[in-house]
Every structure is written in C-alpha cells, then in structure tokens.
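The exercises below ask for a formal reading of one protein model. Please study the sequence and structure before turning to the solutions.

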Amino acid sequence: MRTLTTMSDRTVAVVRLGCARNDVDSEEIAGRLQAEGWRLVADPAAAAVAVVNTCGFIEAAKQDSIDTLLELADLKADAAARTRAVVAVGCLAERYGRDLAAEMTEVDAVLGFDSYDDLTSHLRTVLDGGSVAAHVPADRRTLLPISPVARPAAVRRGPVGGNGPGDGAVPTGPASGPPRLRTRLDDRPWAPLKLASGCDRRCSFCAIPSFRGAFVSRPPEEVLAEARVLAGLGVREAFCVSENTTSYGKDLGDLRALEALLPRLAAVDGLDRVRLSYLQPAEVRPGLVAAITDTEGVAPYFDLSFQHASPTVLRRMRRFGGTGPFLDLVERIRARRPEAGIRSNVIVGFPGETEADVAELRAFLEAARLDVVGVFGYSDEDGTEAAGLDGHLPADEVAARVADLSGLAAELLAQRAEDREGERVRVLVEQSDAEGTWGRADHQGPDDGATRLAAPPGTHGVGDLVAAVVTGLDGTDLVARPLVPAAAAP
C-alpha cells in the first residue's frame with residue numbers, strides 16, 4: 001500500500017461549484033489545507049486529491065455536482081493524471097451523506113461540514129488506501145438554540161489572526177465555527193464576503209435550512225477584519241453574501257446591525273464598492289433602503305427574493321407580500337435612486353398555481369421593470385413541505401409557463417437596458433485584453449450582465465473603477481464611453 005510520505009503527494013485541488021457562499025467555503029477549505037502543509041494546485045489532474053465543494057440546492061445544481069464528481073473520478077484511471085482520490089464536501093455531501101456515498105462508489109469519501117476541522121487526516125486516510133465513514137445527515141437546525149439571541153454563546157469563536165507572509169490567506173472567523181484561514185482561489189477584483197450562515201425561514205419549497213442550519217450572524221468586527229485583508233489583497237468590491245442578508249444582526253440583538261455595518265464596510269481602505277445580496281422583500285425596512293441608497297461606496301443594488309407576485313401562491317410558499325407591497329418597495333427604491341439596480345428570481349408552476357396567478361405575475365413584472373429576472377420552473381425538493389402539496393402541475397405545463405415568462409422577462413430586461421442609454425455609470429474592470437475591456441456597473445451584480453468600455457485595449461486595467469456614460473447596447477449588456485479623466489466619479 002502506498003503511503004503519504006512526500007511533499008509531492010501533498011497536492012490538492014479545491015473544485016468550487018454552486019453559489020458565492022460556496023466560494024467562501026471553498027476558500028476557507030483551501031486556507032485550512034494550505035496552513036496544514038498542503039500545496040494547492042488549480043488543475044485536479046495535477047493534484048493527488050481533488051476536493052469537490054458540491055452544491056445541493058436545486059436539481060440542476062445537484063446534477064452538475066454529480067457529473068463533476070464522476071468526471072474527476074475518471075482521472076484516477078488516467079495514466080497522465082496524478083489524481084489518486086476524489087472527496088466530496090459541501091452542500092450535496094452534507095444533505096445526502098451516506099446515501100450519496102452508496103450511490104457513488106467512485107468517490108473516495110463523502111464528508112459533512114463538521115469534518116472540515118479534520119480534513120487533513122481524512123485526506124491522508126483515503127490517500128493511504130483507507131476508508132472514511134460517510135457523513136450521516138441530520139437536521140442542522142437542531143444544533144443551535146431556537147432563540148436567535150441565544151446562539152452567539154453556543155457558537156465556538158476565537159480571535160481573528162493576522163495574514164500569513166505573502167500567501168494570500170485571509171483570516172476569518174466564520175459563524176459556523178472557529179477561525180480559519182481563507183485563501184483566495186482567483187484574482188478577480190471582487191470577492192464574496194460572508195455576513196452570516198444558515199436561515200430561519202421556512203419557505204415550503206426550500207430545503208436549505210435543514211442542511212445549512214439555523215441563522216447565525218458573524219460579529220461586525222470579524223466581517224470588517226476580513227474585508228480589510230481582502231482589500232489588501234487587491235479586492236475592490238466586497239459582495240456581501242448569506243442565506244438571508246436582511247436577517248443580519250437579529251441574533252446579535254440588533255435588527256439595525258446591517259444598516260450600521262454598511263458605512264463601516266464602505267470606509268475600509270482600498271474597497272471601492274460594497275454590494276449586498278439575498279434580501280428578503282418583507283424584511284427590507286426603510287432604514288435599510290436609505291443605508292443602501294445613501295451611503296457612499298455602497299452600490300445602489302437590490303437583490304430581492306420576490307419568488308412570485310400572487311399573494312395566494314406566496315402564502316402556499318410560506319412567504320409574505322404580493323404585487324402591491326412589492327411594487328411599493330420598488331417605487332420607494334427608485335424614488336431615492338432612479339438608477340438603482342433591482343434583480344429577482346421567480347418560481348412558476350408551483351403546486352396550485354392558476355392561470356390567474358400567472359397573469360398577476362406577468363402584470364407585476366411588466367410594472368416593476370426589473371434589471372434582471374431569473375425564471376425557474378418548480379420541481380419537488382426532498383424533505384420540503386411543497387413536495388406534499390396538492391395541485392401539482394404536469395411537467396409540460398410547468399415548462400410552458402417557464403418559456404412564456406422567460407420570453408417576457410427577456411423583452412422587459414432589454415427595455416430596461418435601453419432606458420439606461422445616456423446614464424453615467426461606474427464600471428469596475430474585470431477583463432482587459434486584446435478582445436476588449438469589460439466590467440460591471442453599480443447596478444450589475446456578478447451574474448447580472450456586464451458593461452463593455454468603448455476604449456482602446458490596454459487603456460484600463462483589471463481592478464480600475466472607470467467613470468463612463470452608457471452609449472448603447474450589446475445584447476442586454478451595456479456599452480459605455482469612459483469619461484475624462486477615467487478615474488473621475490460620476
């Protein structure tokens with residue numbers, strides 16, 4: 001049996017899948033392994049072990065995780081590859097654990113979140129030809145007190161340490177456990193910054209709380225410490241993520257904690273822009289709207305999880321709101337900042353959804369004129385209340401409604417993009433090469449399209465924040481002419 005004896009064997013590739021929250025988790029895993037003597041490599045074929053941080057949210061994401069695991073497992077039989085083991089971690093592993101291990105015998109280990117502290121020993125075991133017991137799933141909501149304000153005392157914490165000497169590691173203290181070193185796995189000029197973990201909401205279609213656990217905020221000083229180090233590593237935009245950002249601070253005894261945190265984040269030296277994601281419309285209070293729209297350095301950007309507009313459907317989803325309050329929120333935002341970006345996702349084909357409900361959703365989208373709308377067809381998720389509801393629609397009917405609403409959304413988004421012609425924007429450059437210069441304006445999140453700068457190649461570099469005016473469209477992306485001087489604020 002070959003044993004782990006040389007540094008050449010201590011190579012690991014961390015493969016990231018899923019959302020921006022998973023990106024943070026992947027970088028924490030990478031940081032821990034690097035601190036324990038592993039050498040990080042980007043190509044799984046060049047690593048002794050590939051650690052795959054899976055996604056377990058919706059069917060398409062789960063399938064992508066499974067396909068990736070199988071593809072990497074094939075490397076073990078490839079004579080040109082160094083890969084000897086493939087280990088599944090992350091949400092899919094946490095959610096399905098030993099069932100996933102039983103179905104995917106090609107994978108050498110399936111580990112849950114609580115295995116991360118002992119990850120090095122687990123990797124040593126599988127590389128030495130041993131086996132590691134597969135994770136046994138449990139409802140993680142039961143691990144912390146029901147009362148949010150009782151949770152901080154139950155979460156293990158420690159001081160946030162200093163950065164290692166030039167290794168790109170970011171010291172953090174994640175809400176889910178003790179401090180870990182976060183190592184950046186890319187050189188993008190923006191990075192996700194986790195504000196909290198878990199979710200206390202009980203949306204009938206969503207399984208996330210059961211495997212991500214109860215909601216726990218990171219203390220403001222931890223968040224700020226990580227933001228400062230990220231800025232020191234060249235990050236210009238902090239993209240604040242969590243399962244439910246508008247709940248930030250409720251377990252700290254301060255429902256206005258997010259409003260207080262935003263100016264402090266925006267004041268971090270080196271950060272040009274702070275952006276929030278995952279906002280629940282029912283929890284967006286007037287003070288938060290004001291903090292986002294009025295704080296210099298905070299992007300006027302609202303990622304609002306509407307999910308539908310029909311009050312009847314929303315109640316079956318165990319959510320609040322409807323066309324009236326949602327349009328009122330949109331109007332209040334645009335009254336303060338007409339150029340604000342507003343994006344959302346909607347689910348169609350939910351059990352019991354009628355043609356009248358779809359018509360109401362169409363009318364809402366037409367009136368709201370959002371910048372980005374993701375349209376998803378409903379599908380059952382294991383262990384959710386919605387899976388047991390009556391009124392399930394045939395798959396072909398769900399698909400037809402998705403196609404209809406997607407077509408409408410495309411038309412509306414193109415119209416909204418046209419409305420921005422002549423608007424002054426600030427573009428954070430993310431790509432600059434012979435093909436052109438691209439970036440994102442304040443109203444554009446990481447998955448919300450881009451802005452192409454009409455400037456000669458090489459005029460602006462990655463990480464530059466460029467003032468420009470929108471002159472046209474490239475599909476639904478924008479084309480903008482830089483102003484002079486290029487670094488001037490709009």
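**Exercise 1: Two backbone angles**

Tyr278 is partly exposed, with a relative accessible area of 25%; partly exposed lies between buried (under 20%) and exposed (over 50%), for a 1.4 Å probe and protein chains only. The model is predicted, so local features need pLDDT of at least 70, side-chain atom pairs count only at pLDDT 80 or more, and totals for chains, interfaces and linings use all residues. Residues are numbered from 1 along each chain as its sequence is written, and side-chain values use heavy atoms, without hydrogens and water.

Task: State the phi of Tyr278 and of Arg369.

Solution. Step 1: Tyr278 is not a glycine, yet its phi is positive, near 55°. This residue sits in the loop between strand 12 (273-276) and helix 8 (286-294); helices (H or I, at least four residues) and strands (E, at least two) are DSSP runs, numbered from the N terminus.
Step 2: Arg369, also not a glycine, has a positive phi of about 50°. Its loop runs between helix 11 (355-368) and strand 15 (372-377), and Arg369 is partly exposed at 26% relative accessible area.

**Exercise 2: Helix 3**

Task: Find where helix 3 is kinked.

Solution. Step 1: Helix 3 (residues 90-103) spans only 17 Å between its end C-alpha atoms, whereas a straight helix of 14 residues would span 20 Å at 1.5 Å a residue (1.5 Å times one less than the number of residues).
Step 2: The kink, about 100°, is centred on Gly97; the bend is the angle between axes fitted to the seven residues ending there and the seven starting there.
Step 3: Gly97 is among the buried residues of helix 3, which also include Tyr96 and Leu100.
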